[in-house]
Amino acid sequence: MRILSCLLRTLALAMLLALHPGAAAAQNADDPFVRLAADSFSETNRAIEGLIAQAHPQAAVIIEALAEGRLLAGGGAVVVRMPDGRILDARTGATLPAAPAGLAAVRLNNSVRRTIQGALGGLGLLNPDAGKRIAAAEAVFKSRDASLLPVLEGAIAKETNARVKTALRQAQAAILVAKPDAPPFDRIAAIDVLRERGDQDALATLRSLPADASASLKEAQARAISDIEGRLALWRAGQNLWYGLSLGSVLLLAAIGLAITFGVMGVINMAHGEMVMIGAYTTFIVQEVIRTSAPGLFDYSLLIAVPLAFLVAGLVGIAIERGVIRFLYGRPLETLLATWGISLILQQAVRTAFGPTNREVGAPAFMSGAFEIGEMAITWNRLWIIVFAILVFAALLAILKLTPIGLQMRAVTQNRRMASAMGIRTGRVDALTFGLGSGVAGLAGVALSQIDNVSPNLGQSYIIDSFMVVVFGGVGNLWGTLVAAMTLGVANKLLEPYAGAVLGKITLLVFIILFIQKRPRGLFALKGRAVEA
């Protein structure tokens with residue numbers, strides 16, 4: 001009976017096709033696979049829409065293959081070349097022994113790519129994974145494909161996750177705003193949804209409202225754009241504030257060692273920037289050794305480099321103090337010229353040993369990438385540098401307040417002659433102070449290697465700013481150095497959008513000159529040998 005039934009159905013279909021041959025042609029014309037094989041961009045767009053409308057089981061595989069250039073068509077056949085090399089029949093999903101001859105990749109243009117983007121978003125709207133549903137909603141938001149509106153409405157009705165539902169409503173709003181035949185009330189409600197979203201994408205979508213929109217729509221659009229622009233201006237200010245704190249932490253690391261040596265010894269150390277450079281190159285050497293000997297330890301390279309950079313830069317600093325500077329106390333001009341000559345020697349030595357080109361210092365996994373807070377982008381490397389600067393500052397405070405050498409350093413800073421009379425070996429304190437300040441500069445080099453080029457000229461980029469921080473904050477005062485570094489960093493980044501980078505620095509320099517005229521000892525005055533002299 002089953003065979004007889006199949007024969008009767010086949011006979012009926014043959015009679016229908018014989019009586020109405022146009023029906024077969026029309027059916028073939030509406031077949032998405034026929035459209036894909038037509039080698040026409042418009043037909044490819046319609047084929048994608050047809051696959052979505054039919055909810056074809058192979059739709060996701062076909063559209064992804066089309067986006068990646070793995071969909072082949074020709075001679076009425078359409079196949080998918082899978083990433084693993086298998087060939088599938090696009091219509092059935094069956095594996096084929098080989099691709100038929102004469103097939104070519106289905107061509108794409110920008111219109112087809114936009115349709116693909118929207119289609120992939122539509123296919124993901126009902127994905128069990130909430131994260132993928134949000135990503136799909138974002139894809140629909142950007143494509144604004146009106147054909148996906150019914151799919152969106154169904155997804156919103158079924159959605160129980162609040163975050164996903166918000167993303168779906170925003171995608172729906174993006175479509176409705178640009179849909180001229182949508183009810184006016186729905187379009188005004190869509191504008192309100194976009195205003196709540198409040199980012200650059202929402203702003204761009206609102207600005208795409210057709211010029212022939214009604215007066216009420218244009219009024220709602222103007223209010224929403226004004227609100228979003230005001231909100232984005234606040235986020236930009238917050239971003240600049242973050243950049244300023246980040247710059248301030250770098251200036252703090254670069255200047256805090258200089259504040260110690262300048263405060264205790266009254267020495268203008270022009271080679272301080274080269275201590276920063278030595279710390280950066282120590283980090284480079286540590287990473288090179290780890291790359292060749294123990295690659296699995298790379299994520300710990302900075303933890304290994306921190307004490308080594310402090311030790312190497314500190315020893316170089318002690319050698320400079322014992323070998324040159326101790327013979328020049330009381331002669332500030334000669335000290336300045338001597339340390340400047342030392343800086344040139346160190347630069348040339350590094351240039352000879354490592355070459356003049358920049359050296360690559362990699363970032364461990366925990367310092368890579370970024371995250372967002374609203375419209376602010378926070379990079380992990382800058383965040384960790386701020387944390388590192390705070391830890392270094394706290395460690396220095398502890399050394400100065402809680403250790404015997406810290407007590408001796410403070411005594412020498414306040415009154416060198418009295419400290420010497422009380423039995424403190426001021427020469428030893430000078431050497432250790434210079435070593436401590438140089439070691440902290442080496443720590444700054446470790447941090448700077450993550451955000452700047454490691455080259456022989458690295459330290460020269462920060463030496464002038466470091467002196468500005470020390471003078472502005474108060475010679476030898478750590479709290480003054482902290483306040484000055486953060487103040488100058490934030491002020492610099494807040495001025496840049498209006499005055500530019502160069503003019504902003506000039507403005508700050510003029511401000512500091514005028515400030516020092518009024519308050520020569522800086523923000524936090526501290527007695528020291530330079531002041532007494």
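Patches are built from residues with over 30% relative accessible area and no salt bridge (a side-chain nitrogen of Lys or Arg within 4 Å of a carboxyl oxygen of Asp or Glu), joining nonpolar side chains (Val, Leu, Ile, Met, Phe, Trp, Tyr) within 5 Å and like charges within 9 Å. This is a predicted model, where local features need pLDDT of at least 70, side-chain atom pairs count only at pLDDT 80 or more, and totals for chains, interfaces and linings use all residues. Residues are numbered from 1 along each chain as its sequence is written, and side-chain values use heavy atoms, leaving out hydrogens and water.

**View A. A nonpolar patch on the surface includes L297.** Together, L297, Y300, L303, I304 and L308 make a patch of about 460 Å² (Shrake-Rupley accessible area, 1.4 Å probe, with only the protein chains shown as cover for residues). Look for L297 in the loop that links α13 (272–293) to α14 (301–323); helices are DSSP runs of H or I of at least four residues, strands runs of E of at least two, numbered from the N terminus. L297 is partly exposed, at 41% relative accessibility (buried is under 20%, exposed over 50%, partly exposed in between; 1.4 Å probe, protein chains only).

**View B. S449 sits in a loop and is buried.** Its loop runs between α19 (426–448) and α20 (460–473), and its relative accessible area is 4%. Beyond neighbours within four places in sequence, S449 touches A280, T283, V361 and V454 (contact: heavy atoms within 4.5 Å).

**View C. Five strands form an open sheet with antiparallel pairing.** Their order is β4-β3-β2-β1-β5. At the edges, β4 (95–96) and β5 (104–105) each have a single partner strand, so one side of each lacks a neighbour in the sheet. Strand β1 (residues 71–74) pairs with β5 over two bridges (pairing needs at least two DSSP bridges), and A73 has A104 of β5 as its bridge partner.
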